[in-house]
Amino acid sequence: MKRIIYCIVGMFLFVRINFPTKASAKDTDYEVTMKQDLFCLMMAYPEYVKGIQYNEDKTVYLVMKSGRKILYDDRKSKNFEEKLAYPDLQDMMEDLYPLSSVTKLMDKNFDPGRCRVYPLLEEVYGNSKGQIERSLVIVNCGGKRYQFNSNNNAAEALKNVMEEVIPLSASRGDIANCLYPANGTYNYRVISGTNRLSPHAFGIAIDLARDKRDYWKWASREEGEKRLLSYSKELVEIFEKNNFVWGGKWGHFDTLHFEYRPEIILKGRCFSNKHEIEEPWYKGVSLEDDTARNYVEKINQVFK
Ligand SMILES: [Zn+2]
C-alpha cells in the first residue's frame with residue numbers, strides 16, 4: 001500500500017516538474033520559440049538528433065548521432081541574404097510555413113523552408129556525393145523512376161505522395177498537368193548563382209512539370225501569382241501531408257519544386273497559433289502521442 005502511495009506521489013511530482021501547467025515567468029517569447037524549434041527538429045529527425053546541450057553561457061546545441069553539435073542561435077544579426085548564406089537553426093525555422101491554401105503570392109522575403117542548415121542535411125542525408133548516392137533508392141513517379149534519399153523516411157514519403165496522386169491524376173486533368181512530365185529529383189549540383197548545394201543534391205526534392213512562370217528568376221511576380229493560383233491545391237495538400245514544403249509558398253517562388261522538410265511542416269502544424277504568455281510552450285502538441293510527450297519532457301528537463 002505504502003509503495004502505491006509513493007508511486008502516486010512520485011508520479012504527481014514528476015508530472016508537476018516536467019509538465020508545468022503554466023509557462024514559468026522566465027519563458028520569454030524567445031525561449032518559447034526556441035523550445036518549439038528544438039521540439040520540431042527532434043521530432044523531424046528522430047534517428048539523427050540525440051539530444052540538446054545547454055551551456056552555462058546560454059548557448060544551445062543540437063547534439064547529433066555522430067557527436068557533431070549544431071548551434072541553435074549564433075546571435076548574429078543578419079540581413080535576408082546573410083541568413084540564406086549562413087543560417088543557424090533559428091534562422092532556418094524562423095518563417096512559419098502556412099498550411100492553408102494561399103490566395104496570393106507570399107511577401108518578397110518570406111520563404112519558409114528556403115533556408116537550409118547544411119551540417120544538418122549532411123548529417124541526415126550524407127556529407128559527400130558518394131555517401132548521398134549510397135542512400136538513394138528508386139521511387140516510381142507515374143511511369144518514370146526517380147532516385148530519392150531513403151534516409152529519415154524521405155523516399156517513403158515521396159512514395160506515399162505518388163501512391164495517392166497517380167491514381168487521382170487519371171481522372172483529374174488539373175493534377176496531371178502539374179505532375180507530368182516531371183523534371184526530376186536527385187541531381188548533385190549547386191543552386192544556380194550560388195555556391196550552395198541544392199536540396200536536389202541530397203535527393204530530397206522533386207521538380208514537377210515546368211511552366212515558364214514557375215521560378216522567381218524567370219517570371220514577374222504578377223505572372224508567378226497567376227500560375228500559383230491556377231495550381232492544384234489538392235496536389236499541394238497531399239505533398240504537405242507527407243512533410244514536403246512547396247516552393248509556391250515562397251516569396252522567391254519555385255512553383256514546380258517540392259522538398260522534404262519535416263521540421264518546417266511540423267512547426268506549421270503544431271505552432272501556427274499565436275502563443276499567449278500564460279500558455280506552456282508546447283501548447284499545440286498532442287501529449288497523447290508518446291513520442292511527442294517524450295520530447296516535450298526532454299526539453300523541459302534540459303531547460304528546467
Ligand atoms: Zn527543385
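The bend at a residue is the angle between axes fitted to the seven residues ending there and the seven starting there. This is a predicted model, and the tour starts where that definition applies.

**Stop 1: helix α7.** Select residues 154-171, which form α7. The helix has a kink of about 25° at Val165, shortly before the proline Pro167. At 1.5 Å a residue, its 18 residues should span 26 Å, and the end C-alpha atoms lie 27 Å apart, which agrees. Now show the side chains of the buried residues of α7: Ala154, Ala155, Ala157, Leu158, Val161, Met162, Val165 and Ser169.

**Stop 2: the open sheet.** Move to the 3 strands ordered β1-β2-β3, an open sheet with antiparallel pairing. β1 (49-54) and β3 (69-71) are the edge strands, each pairing on one side only. On average, neighbouring strands are turned by 30° against each other, direction ignored. Select β2 (residues 60-64) next: 3 bridges join β2 to β3. Val63 stands opposite Lys69 in β3. Then add helix α2 (residues 29-44), which lies across β1 and β2 and runs at about 160° to β1.

**Stop 3: the aromatic rings.** The whole structure holds 14 aromatic pairs. Select Phe239 and Phe258: their ring centres are 4.0 Å apart and their planes at 20°, so the pair is stacked. Phe239 belongs to helix α10 (residues 233-241) and Phe258 to strand β8 (residues 257-260), so the pair ties together parts 19 residues apart in sequence. Phe239 is buried, at 0% relative accessible area. Add Trp246, whose ring is stacked with that of Phe258, with centres 6.2 Å apart and planes at 15°. Trp246 lies in strand β7 (residues 244-246), 12 residues from Phe258; both are buried. To finish, select the cluster linked by ring pairs: Phe148, Tyr231, Phe239, Phe244, Trp246, Phe258 and Tyr260.

Definitions and conventions: Residues are numbered from 1 along each chain as its sequence is written. This is a predicted model: local features need pLDDT of at least 70, side-chain atom pairs count only at pLDDT 80 or more; totals for chains, interfaces and linings use all residues. Side-chain values use heavy atoms; hydrogens and water are left out. Two strands pair if DSSP finds at least two bridges between them. Helices (H or I, at least four residues) and strands (E, at least two) are DSSP runs, numbered from the N terminus. Axes are lines fitted to C-alpha atoms, for helices over the stretch in contact, and angles run from 0 to 180 degrees between N-to-C directions. Contact means heavy atoms within 4.5 Å. The expected span of a helix is 1.5 Å times one less than its number of residues. Buried means under 20% relative accessible area, exposed over 50%, partly exposed in between (1.4 Å probe, protein chains only). Rings of Phe, Tyr and Trp (its six-membered ring) pair if their centres lie within 6.5 Å; planes under 30 degrees apart count as stacked, over 60 as edge-to-face and the rest as tilted.
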